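Trainee: Could we go through this structure together, step by step, so that I learn how to read it?
Mentor: Gladly; look at it first, and then put your questions to me.

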Amino acid sequence: MKNFEYKKSLGQNFLIDQNIINKIINSIDLKEESLIIEIGPGSGALTRELVKLNANIISFEIDTRLRDELDNLSNDNSNLEIIYQDFLKLNLKEFLKSRKYKNLYFVANLPYYITTAIINKITEESDPNEMILMVQKEVAERFSANPNTKDYSSISVFLQYNYDISKVTLVSKNCFFPKPKVDSMVIKFKSIENRIRPDDEEKFYKLIKDAFKFKRKNLRNNLKEYNIDKINDILKKYDKDLTTRAESLTVKEFIDISNNL
Ligand code: SAM
């Protein structure tokens with residue numbers, strides 16, 4: 001964009017590779033009466049393709065300097081609404097109640113400084129069919145990491161409990177302007193229908209957080225406040241004990257422990 005001063009503080013690396021944009025759009029498994037929410041449309045690289053879909057699109061942009069460019073796009077496309085607001089400050093739950101839709105999607109080339117905050121917000125305040133998100137490559141590895149690998153952490157368990165996570169495409173830093181320092185990855189989160197739910201989701205989430213509190217410590221140390229003997233009994237079923245670290249527990253094992261505490 002001419003004469004536009006890109007703000008690093010807002011994560012403004014705009015997509016300039018049409019091939020990647022097409023891959024993002026093609027990865028959406030769109031159903032009827034869909035609402036697609038985009039976070040950070042920027043100058044509209046993705047938005048321009050999203051409006052061609054049979055869906056209503058709402059894009060949240062924090063930077064009002066992009067207003068002229070984006071308002072032109074919404075004037076030309078009746079299925080597009082742009083809201084100039086910090087997405088993190090939105091009451092998403094209330095907002096969604098005011099909209100009519102059957103299926104919900106989030107699509108975004110995310111501002112990297114708030115990647116996790118945005119994903120947590122979406123997951124806690126809504127129940128999307130899918131999220132298709134561009135994130136830093138290293139962050140994508142963490143989200144989709146398997147147990148017993150260095151990248152497996154509480155966020156991996158939290159997200160893998162909620163979604164099937166798959167990689168859509170690796171994205172070179174050359175696909176953006178200005179060019180970021182690191183490569184990126186588009187990942188797709190698909191809500192798991194009929195997932196086995198813990199009896200108490202809040203308790204389950206707290207257990208995960210506590211179990212990973214100190215990465216180098218084992219379960220006996222991280223879960224001191226819990227009924228440790230009971231946890232040991234459950235672990236035995238999986239040939240594990242309290243010297244195990246959280247990084248070797250699967251989602252299913254966390255659910256089992258949580259349900260028996
Ligand atoms: N979608 C565009 C593209 O792919 O070219 C721009 C992506 S750029 C990585 C991130 C965008 O998010 C920027 O336009 C930035 O201004 C916007 N943004 C940053 N923080 C935001 C927030 N808290 N709420 C909404 N938008 C935000």
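Trainee: Among contacts in the chain between residues at least 6 apart in sequence, what percentage join residues at least 24 apart?
Mentor: Please keep in mind throughout that this is a predicted model. If we take the contacts in the chain between residues at least 6 apart in sequence and ask which of them join residues at least 24 apart, the share comes to 66%.

Trainee: What radius of gyration does the chain have, and what would a compact globule have?
Mentor: The C-alpha atoms fill a box of roughly 65 × 40 × 30 Å along the principal axes. For 261 residues, a compact globule would have a radius of gyration near 18 Å, and the value for the chain agrees with this, being 20 Å.

Trainee: How many helices and strands does the chain have?
Mentor: Both kinds of element occur in the secondary structure of the chain, and the count comes to eleven helices and nine strands.

Trainee: Is strand β2 enclosed or open, and how many of its residues are buried?
Mentor: Ser34, Ile36 and Glu38 point one way from β2, while Leu35, Ile37 and Ile39 point the other way, and all of these are buried. Strand β2, residues 34–39, is therefore largely enclosed by the rest of the structure, the number of buried residues being six of the six.

Trainee: Which strands pair with β2 in the parallel sense?
Mentor: One partner can be recognised from Leu35, which stands opposite Leu104 in β5, and the other from Ile36, which stands opposite Ile57 in β3. Each pairing is parallel and runs over five bridges, the one with β5 (residues 103–109) and likewise the one with β3. The partners of β2 are thus β5 and β3.

Trainee: What kind of unit do β3, α3 and β4 make?
Mentor: Ile57 stands opposite Leu80 in β4, and β3 and β4 pair in the parallel sense over five bridges. With helix α3 included, the three elements make a β-α-β unit whose hand is right-handed.

Trainee: Which residues of helix α3 are buried, and why are they on the same side?
Mentor: The buried residues of α3, which spans residues 67–76, are Leu70, Leu73 and Ser74. They cover an arc of only 95 degrees around the axis, and therefore they lie on the same side of α3. On the other side, Asp68, Asn75 and Asp76 are exposed. What covers the buried residues Leu70, Leu73 and Ser74 includes α2, β3 and β4.

Trainee: Which residues have the most contacts inside the largest nonpolar core?
Mentor: In soluble globular proteins, nonpolar side chains tend to be buried together. Here the largest nonpolar core has 32 residues, and a second, separate core of 29 residues includes Ile20, Ile36, Leu70 and Tyr84. Ile37, leaving aside residues up to four places away in sequence, touches residues including Ile58, Phe60, Phe87 and Phe106. Inside the largest core, the residues with the most contacts are Ile37, Phe87, Phe106, Phe143 and Phe189.

Trainee: Is Ala108 buried or exposed?
Mentor: Ala108 has its place in strand β5, where, not counting residues up to four places away in sequence, Ala108 touches Ile39, Leu46, Ile132, Leu133 and Met134. A residue is called buried under 20% relative accessible area. Because Ala108 has a relative accessibility of 2%, Ala108 counts as buried.

Trainee: How many of the nine residues of helix α7 are buried?
Mentor: The buried residues, among them Ile155, Val157, Phe158 and Leu159, pack against α5, α6, β7, β9, α8 and α11. Helix α7, residues 154–162, is largely enclosed by the rest of the structure, because the number of buried residues among its nine is seven.

Trainee: Which two residues does a cis peptide bond join?
Mentor: We should look in the loop between β8 and β9, where Pro178 is found. Omega of the cis bond is about -15 degrees, and the residues that it joins are Phe177 and Pro178.

Trainee: Is Asn194 buried or exposed?
Mentor: Asn194 lies in the loop between β9 and α8, and it has a positive phi of about 55 degrees although it is not a glycine. Since its relative accessibility is 77%, Asn194 counts as exposed.

Methods:
Residues numbered from 1 in each chain as written. Predicted model: local features only at pLDDT ≥ 70, side-chain atom pairs only at ≥ 80, totals over all residues. Heavy atoms only, no water. Buried < 20%, exposed > 50% of the residue type's maximum accessible area, 1.4 Å probe, protein only. Helix = DSSP H or I, 4+ residues; strand = E, 2+ residues; numbered from the N terminus. Arc of directions from axis to C-beta. Contact = heavy atoms within 4.5 Å. Core = buried A, V, L, I, M, F, W, Y, C linked by side-chain atoms within 4.5 Å. Pairing = 2+ DSSP bridges. Right-handed = clockwise from strand over helix to strand, strands pointing away. Rg over C-alpha atoms; globule rule 2.2 N^0.38 Å.
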